[in-house]
Amino acid sequence: MSKMTTPAPLLRVGCAAGFSGDRVDAAGPVVDALLASGGPAVLTFETLAERTLALAQLARRTDPDAGYEPLLADLLRPVLARCLEGGVRIVSNFGAANPAGAARRIRALAAELGVRTPRIAVVHGDALDRPEQRALLRAAIGAAFDETRLVCANAYLGAEAIADALRAGAEIVVTGRVSDPSLTVGPALAHFGWAPDDWDRIARATMAGHLLECGTQVTGGYYADPGYKDVPGMATLGFPIAEIDANGDCVITKPAGTGGLVDEHTVKEQILYEVHDPSAYLTPDVVADIVDARVAQVGPDRVRLSGVRGHARPATLKVNVFSEQGWFAEGEISYAGARAEARARLAAEVLRTRLAGNGPMRVDLIGVTSLFGDDAGRWLETVPDGGARDVRLRVSTVHAERAGAERLTRELTALYCCGPAGGGGVRTGLRQRLSTQSCLIPRDAVRAGFEMLD
Amino acid sequence: MPHGRHRAHDQVVPLHRIAHGRTGDKGNRSNISVIAWHPDFWPLLVEQVTEAAVARQFAHRRPTRVVRHLLPNLHAMNFVLDDVLDGGVNDALNLDSHGKSLSFLLLDLPVRVPGALVRHLAGPGEDDPEG
């Protein structure tokens, strides 16, 4: 598609967070590497998992200035000055439920650091608050759409508004809900000037973004398994950088001197992460097809991805709707030494009797089995007492009413005196439960755009 | 087993000796990748790690559908298991409401490896006293 006679220089996109709660010292080495490359570069942070946005919205209810990534300043403080000086642009969904608030916080941070005020763009349009949008959601979800308990409804925006903001000169682009790969596709569209229907190239950049969006999950994080998958330097994992070429193909690498590894196996695990049909990975920007994708080690900690194809983007956008639905409670107590497992199992029986009729209760025997099993306990029933000597009983429930959920925590606590011998270490938790519904709405019902701060 | 020439050296091993994987989730649906450690294991994965075998391994979670997608260039397959997460991240009572650990349940699946390929097995093996 490019009419240029010389190929556009590589675009380097680094990712310094894979979720809200990731290491806040990640960005430094990524920015060092981006600056050392000397070419066009973008730093991204992906901090907005599905649930994170709903929690941010709840935070904003109690504090109108909150609702963006709580660690925003911690993430940016070590690198903001160098990014502005070196021309590394920053793109992130750390705006969460309050992108404008995040932008103001960044401007204040720049002032604190004594650096010039950056040009900050705020992407809007993901929050579906307008009456006609709510009507569409009601139609799509039906009776289960309960507006009285609604926390938030947000569409997954694509890369267009991000690209537009960068073309307009934004140095920092703050978004709320966008599809995670769009954080990379936006800069690629702005840099390479691809046509909006250049599906193959957009799909390739999408998969580059997909490999970046979980941070170290492509550089050895979430991968290590001693004796099988040994990863050096887990305490200092390097966060990933994609070197994207004019065709959208990329090389995944990481900053020199950091821990972790990038090899064909780390890239294969991440390319399939949260992908369902590999011939149709749906995003707002494109339908990516990785059935014929190839990965190749082209140097130390350098893996090239190729063979990705694209098809026209979907006519609809995905929407997540969160509402408050009842209460969740859990509690734990531990047993150790002789017959510990038998005592933990007896404690579970006591709770089953005491809480009969109070709703579903899951039972886990941590140290015996606690994760693979189903909530109904079919798996646990098949596990005989193996005589484990260090077992932590965990029970959990959901209830429409707070009082019903609290019954579980009270009964669990009462096991201190009324339960089997030697129980210790009681912990309980109670929280309001968020439930999610997803639906699709027509693309033209969502109006995404951006404005520059001031 | 038919009488193959490597029959005497066949080994039944957990899937994690020949493949690795990772779990992702969306809603009440889990996807689990299975990636061959060595290209020579690929035909064996296709033959033995079937939709039916995976559905059996997850029977207690009552999958309503198990679909296997093949990516031959990557020597990888992607399983999509519907309705196995007790409602998913916001609804499940499990500590691991995402089902992040489930790749390791799949990787426990027993597979038969012909003798000629035993040298490519990953890891020390759980029954190996030297391991």
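**Close-ups of a two-chain predicted model**

**View 1. B:Asp86, a residue that is partly exposed.** At 29% relative accessibility, B:Asp86 falls into the partly exposed class, in a model that is predicted rather than solved by experiment. You'll find B:Asp86 in the loop between strand 6 and helix 3 of chain B. Its backbone has a bit of a quirk: phi is positive, about 50°, although B:Asp86 is not a glycine.

**View 2. B:Asn90, a buried residue in a loop of chain B.** Here we're in the loop between strand 6 (76-82) and helix 3 (102-106) of chain B, and the residue to look for is B:Asn90. B:Asn90 counts as buried because its relative accessibility is 7%, and the cut-off for buried is under 20%. Who are its neighbours over in chain A? B:Asn90 touches A:Arg51, A:Phe322, A:Arg433, A:Leu434, A:Ser435 and A:Thr436, leaving aside residues up to four places away in sequence. Two of these contacts deserve a zoom. The B:Asn90 side chain makes a polar contact with the side chain of A:Thr436 at 2.3 Å, and another with the side chain of A:Arg51 at 2.5 Å.

**View 3. The contact between chain B and chain A.** Step back a little and you can take in the whole contact, with 53 residues from chain A and 46 residues from chain B. Together the two chains bury about 4,300 Å², with 54% of it on carbon and sulfur atoms. Three residues, B:Arg22, B:Asn90 and B:Leu93, supply 21% of the area that chain B buries against chain A, more than any other three residues.

**View 4. Salt bridges and polar contacts across the two chains.** How many salt bridges are there between chain B and chain A? The count is two. One pairs the side chain of B:Arg22 with that of A:Glu269, at 2.9 Å from N to O. Polar contacts add up too, with 32 residue pairs between chain B and chain A, both residues at pLDDT 80 or more. On the side of chain B that touches chain A, strands 3 (23-26), 4 (29-36), 5 (65-71) and 6, plus helix 3, each supply at least two residues. The largest share, five residues, comes from strand 4 of chain B. Sort the residues on this side by type and you get 17 nonpolar, 17 polar and 12 charged.

**View 5. A:Ala96, a buried residue in a loop of chain A.** Over in chain A, A:Ala96 is found in the loop between strand 3 (89-92) and helix 5 (99-113). With 6% relative accessibility, A:Ala96 counts as buried. Its phi is near 45°, a positive value in a residue other than glycine.

Definitions and conventions
Residues numbered from 1 in each chain as written. Chains lettered and ligands numbered in written order. Predicted model: local features only at pLDDT ≥ 70, side-chain atom pairs only at ≥ 80, totals over all residues. Heavy atoms only, no water. Helix = DSSP H or I, 4+ residues; strand = E, 2+ residues; numbered from the N terminus. Buried < 20%, exposed > 50% of the residue type's maximum accessible area, 1.4 Å probe, protein only. Polar contact = N/O pair within 3.5 Å; in protein donor to acceptor, adjacent residues only side chain to side chain. Contact = heavy atoms within 4.5 Å. Buried area = accessible area lost by both parts, 1.4 Å probe. Salt bridge = Lys/Arg side-chain N within 4 Å of Asp/Glu carboxyl O. Nonpolar A, V, L, I, M, F, W, Y, C, P; charged D, E, K, R; others polar.
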